[in-house]
Amino acid sequence: MKSILMILASKEFRDIEYIVPRAMWEQKGITVKTASIEKKSIGRFGYEVENDFLIQEASADDFDAIFFVGGIGILELQDNQTAKDLAFEFAIQNKTVSAICAAPRVLLHWGILTDRKCTGHNWDNTMPALAKKHEAEWIDTTVVMDDNFVTGYGPEAAEETALTILENL
């Protein structure tokens, strides 16, 4: 059975970018678990999640994909070495590494998207420059798949991103 680890911000994750992909994956028989820096995460609109793991307890060995849920809160992980190492574990094992909305900014910051195409929410008109700074190419589209890396633009791309990840498992 396939499994996906969803990484949530402790606060201000984008509720729909969690709820919709999780529901779609579980309907297809995928096991879904969550991790964060806190045991409980609270979304921008108040959706609460009791996380299955703290990030330091999660391992790429136990999952087929990792998905960083968007929302401005995810930026709290930019300087989190444990989360970065976990993402790289998935990449090294050629497993799906995915992110939506604000989360691709974190992956860019970590350098995991270097030499890759990506998308992500461009609310402040800095994504093209940010991608270029980190030697990636930002594309203004809903979903980008580059090998085993999947990025989604934002809430309006939650379903398409979830389906693309499903196809990539």
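## Close-up views of helix 2 and its sheet

**View 1. Asn80 caps the N-terminal end of helix 2.** A side-chain oxygen of Asn80 lies 3.1 Å from the backbone nitrogen of Thr82. The model shown here is predicted. Just past the other end, Asn94 follows helix 2 with a positive phi of about 55°.

**View 2. Helix 2 has the span expected of its 12 residues.** At 1.5 Å a residue, helix 2 should span 16 Å. Its end C-alpha atoms are 16 Å apart, which agrees.

**View 3. Helix 2 has buried residues: Ala83, Leu86, Ala87, Phe90 and Ala91.** They cover an arc of only 145° around the axis, so they sit on the same side of helix 2. An α-helix has 3.6 residues a turn, so residues three or four places apart point the same way. What covers the buried residues of helix 2? The cover includes strand 1, strand 7, strand 8, helix 3 and strand 12.

**View 4. Seven strands form an open sheet with mixed pairing.** The strand order is 6-3-1-7-8-12-11. Strand 6 and strand 11 stand at the edges. Each has a single partner strand, so one side of each is left without a neighbour in the sheet.

**View 5. Strand 8 and strand 12 run parallel.** Four bridges join residues 96-100 of strand 8 to residues 149-152 of strand 12. In one of the pairs, Val97 has Phe149 as its bridge partner.

**View 6. Helix 1 packs on the sheet.** Helix 1 touches strand 1, strand 3, strand 7 and strand 8. Its direction makes about 175° with that of strand 1. Helix 2 also packs on the sheet, touching strand 1, strand 7, strand 8 and strand 12. The direction of helix 2 makes about 140° with that of strand 7.

Terms used:
Residues are numbered from 1 along each chain as its sequence is written. This is a predicted model: local features need pLDDT of at least 70, side-chain atom pairs count only at pLDDT 80 or more; totals for chains, interfaces and linings use all residues. Side-chain values use heavy atoms; hydrogens and water are left out. Two strands pair if DSSP finds at least two bridges between them. Helices (H or I, at least four residues) and strands (E, at least two) are DSSP runs, numbered from the N terminus. Contact means heavy atoms within 4.5 Å. Axes are lines fitted to C-alpha atoms, for helices over the stretch in contact, and angles run from 0 to 180 degrees between N-to-C directions. The expected span of a helix is 1.5 Å times one less than its number of residues. Buried means under 20% relative accessible area, exposed over 50%, partly exposed in between (1.4 Å probe, protein chains only). The arc is that of the directions from the helix axis to the C-beta atoms. A polar contact is a pair of N or O atoms within 3.5 Å; within protein, one must be able to donate a hydrogen and the other to accept it, and residues adjacent in sequence count only if both atoms are side-chain atoms.
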